Every structure is written in C-alpha cells, then in structure tokens.
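User: I'm new to this one, and I'd like to know what stands behind the labels people put on it. Can you walk me through the reasoning?

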Amino acid sequence: MSQSTTDHDTIRQWAESHGGHPASVTGTGSGDDPGIIRIDFAGYSGEQSLEPISWDDFFQKFDEKHLALVYEEDSNFNKLVDRGDMHT
C-alpha cells in the first residue's frame, strides 16, 4: 500500500533505509538549480542519467515545486508528485 508525505525527515529516513540518495537528472539543471530531482538507488537504471546532489538542494527544489513523495514502506517504489495530487 502506498503512502504520501511532504515531511523532509520521513522522506530522508525512508530513502536512506532503502539505500537511496538524492539526485538530479543529468543536464536538466543550471547554476544553483539542480533541475529535475529524483531519489536514486544504487544498482538501478539511474546510473547513467542521474547525478548525486545534497539533501539540502533536493528539499529546496522539492518545496519550490510543491512536490510530495508517494512511496511504499517495504519497497523502493517512489514517485514525486504535485502536492495537489496527494491522496490522503
């Protein structure tokens, strides 16, 4: 069953407990803007298309774009969605 959250601590704890880290899609940012953000997991398809970023940069963009994380507690499934699309 999927859950959704905007809480930074929950997102970071969930990602890190699953081996994930913040990343941006290569070539989508410029200067201080990381571009399109994702949570990357080692060994998955993002190796060639994602670049590591800091949690601070991730959450700055996350809040700026009014995103929420939809995730499954017991898997790596996650999706960043507009907060208006959150199902409570």
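Analyst: Sure, and let's start with a word we'll need a lot: a residue is called buried when its relative accessible area is under 20%, and exposed when that is over 50%. Keep in mind that this is a predicted model. In helix α2, the buried residues are W55, F58, F59, K61 and F62.

User: What makes these buried residues of α2 lie on the same side?

Analyst: They cover an arc of only 160° around the axis, so they share one side of α2. On the face turned away from that buried side you find the exposed residues D56 and Q60.

User: How do you know that W55 counts as buried?

Analyst: W55 has a relative accessibility of 9%, and the cut-off is under 20%. Since 9% falls below that cut-off, W55 counts as buried. F58 goes the same way: its relative accessible area is 0%, so F58 is buried.

User: What does the buried side of α2 pack against?

Analyst: The buried residues of α2 pack against β1 (2–5), α1 (8–17), β2 (20–25), β3 (37–41), β5 (67–72) and β6 (78–82). Just after α2 comes H66, with a positive phi of about 55°.

User: How many aromatic pairs are there, and why is the pair of W55 and F58 called edge-to-face?

Analyst: The structure holds seven aromatic pairs. For W55 and F58, the ring centres are 5.4 Å apart, and a pair needs centres within 6.5 Å. Their planes stand at 80°, and over 60 degrees counts as edge-to-face, so that is what this pair is called. Both residues sit in α2 (residues 55–64), three residues apart, about one turn of the helix.

User: And what makes the pair of F58 and F62 stacked?

Analyst: F58 and F62 are 6.0 Å apart, centre to centre, with 20° between the planes. Stacked asks for planes under 30 degrees apart, so 20° qualifies. These two are also in α2, four residues apart, again about one turn of the helix, and both are buried. W55, F58, F59 and F62 form one aromatic cluster.

User: Which residues have the most contacts inside the largest nonpolar core?

Analyst: That core has 14 residues, and those with the most contacts inside it are I11, W14, I39, F58 and F62. The elements giving two or more residues to this core are α1, β3, α2 and β5, and the largest share, four residues, comes from α2. In soluble globular proteins, nonpolar side chains tend to be buried together.

User: Why is S24 called buried?

Analyst: S24, in strand β2, has a relative accessible area of 5%. Under 20% means buried, so S24 is buried. Leaving aside neighbours within four places in sequence, S24 is in contact with P34, I36, I37, S49, L50, E51 and I53.

User: How do you know that the radius of gyration agrees with a compact globule?

Analyst: A compact globule of 88 residues would have a radius of gyration near 12 Å, and the protein has 12 Å, so the two agree. Of its 88 residues, 32% count as buried.

User: In what order do the elements run from the N terminus on?

Analyst: The order is β-α-β-β-β-α-β-β, which comes to two helices and six strands.

Notes: Residues numbered from 1 in each chain as written. Predicted model: local features only at pLDDT ≥ 70, side-chain atom pairs only at ≥ 80, totals over all residues. Heavy atoms only, no water. Buried < 20%, exposed > 50% of the residue type's maximum accessible area, 1.4 Å probe, protein only. Arc of directions from axis to C-beta. Contact = heavy atoms within 4.5 Å. Core = buried A, V, L, I, M, F, W, Y, C linked by side-chain atoms within 4.5 Å. Rg over C-alpha atoms; globule rule 2.2 N^0.38 Å.
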